[in-house]
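Work through the exercises below with the sequence and the 3D view at hand. Try each task before reading its solution.

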Amino acid sequence: GVTVTAILTNEEQEGEAADHPRVSGVVLEDGRRIEADKVIVAMGPWSTKVQDWLNIRIPMTGIYSTSLMYTAENSPEAKEMIMKEPRALFCSEDNYGSHLEVYPRSNGDVYICGCGGSRYVTEEELRNYEPSPGREVADSSRATAAYQSFNSLAPSITQGRLPDVTQACMRPCPPDALPMIGHLPGVEGAYIAAGHNCWGILWGPVTGKIMSELVLDGRSSIDLKHFDPKRFGGRMSTPVGRARGRHRGEQQVGEQW
């Protein structure tokens, strides 16, 4: 894919603040410009870049977490047991510092998260692409701890094998623990769909439907007041310094959420 490096508005064309700012296109990393009158920002935690592009703050903390997977193709015996009696597990914190969530999949794979030790990534780091999308690296110490924990729970599944896949992801967490879905305030034609934390896959279909309705019909069939990005304020009159990420009051959100 090609990375978008900026969202353009009529202000760039007119050279000054417009009375009614509106989207006019995007700039790609190779310098090309694509004209557009509607743009949806759906970049997960990196949606914080909207502040640099449109001067609208998107408060977000990234939760940088490790996960594991055992693939069915590498263990026919384990696959047979999983397919015969699939059970998801939700565990409290254990002696390994993990609080495993174990999800058997319909093809016999087993996905494991809740490895513990997640790192909280600030708005500033996200806006600077630290790390950049797709370059998340698993924490080897947490992967080892999670393996030891799962192996103690389900040795018949692990059969002494290390995980087939060790990976990491970045979950997007707004400070009030609710996603941002809808019009971006202050710029006509700008939309956002981000901040779903670990529920992004589950919410994906309905979020796609909502965004299609907003773009094509101008309104959603679902009440979006609780998810309105405007709850964090409108467009800033002047750019501000790179603010740090927030939590929900004194409570960190994201680890077990």
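The exercises that follow deal with salt bridges, then with strands and sheets.

This is a predicted model, in which local features need pLDDT of at least 70 and side-chain atom pairs count only at pLDDT 80 or more, while totals for chains, interfaces and linings use all residues. Residues are numbered from 1 along each chain as its sequence is written, and side-chain values use heavy atoms, with hydrogens and water left out.

**Exercise 1.** Find the salt-bridge partner of glutamate 123 and state which parts of the chain the pair ties together.

Solution.
Step 1. Apply the criterion: a salt bridge is a side-chain nitrogen of Lys or Arg within 4 Å of a carboxyl oxygen of Asp or Glu. The structure holds 10 of these salt bridges.
Step 2. The partner of glutamate 123 is arginine 57, and the closest N and O atoms are 2.5 Å apart.
Step 3. Locate both residues, using helices (H or I, at least four residues) and strands (E, at least two) as DSSP runs numbered from the N terminus. Glutamate 123 is in helix α4 (residues 123-127) and arginine 57 is in the loop between α2 (50-54) and β5 (61-70), so the salt bridge ties together parts 66 residues apart in sequence.
Step 4. Compare the accessibility classes: buried is under 20% relative accessible area, exposed is over 50%, and partly exposed is in between (1.4 Å probe, protein chains only). Glutamate 123 is buried, because its relative accessibility is 0%. Arginine 57, at 22%, is partly exposed.
Step 5. Look for another residue beside arginine 57: its C-alpha atom is separated by 7.8 Å from that of glycine 233, which is 176 residues away along the chain.

**Exercise 2.** Which residue forms a salt bridge with aspartate 176, and are the two residues buried or exposed, or partly exposed?

Solution.
Step 1. Aspartate 176 pairs with arginine 231, with 2.6 Å between the closest N and O atoms.
Step 2. Aspartate 176 belongs to the loop between β10 (165-173) and β11 (180-183), and arginine 231 to the segment after α7 (200-217), so this pair ties together parts 55 residues apart in sequence.
Step 3. Aspartate 176 is partly exposed at 27%, and arginine 231 is partly exposed at 28%.

**Exercise 3.** Describe the surroundings of strand β2.

Solution.
Step 1. Strand β2 (residues 23-28) is mostly covered, with six of its six residues buried.
Step 2. Two strands pair if DSSP finds at least two bridges between them. Strand β1 (residues 4-9) runs antiparallel to β2 and is joined to it by five bridges; here leucine 8 stands opposite glycine 25.
Step 3. β2 also pairs with strand β3 (residues 33-35), antiparallel and over three bridges. Valine 26 has isoleucine 34 as its bridge partner in β3.
Step 4. β2 and β3 form a hairpin with four residues between them, and glycine 31 in the turn has a positive phi of about 95°.

**Exercise 4.** What is the strand order in the open sheet of three strands, and which strands stand at its edges?

Solution.
Step 1. The order is β4-β12-β11, with mixed pairing.
Step 2. β4 (39-41) and β11 stand at the edges, because each has a single partner strand; one side of each is therefore without a neighbour in the sheet.
Step 3. β11 and strand β12 (residues 190-194) run antiparallel and share four bridges. Methionine 180 has alanine 194 as its bridge partner in β12.
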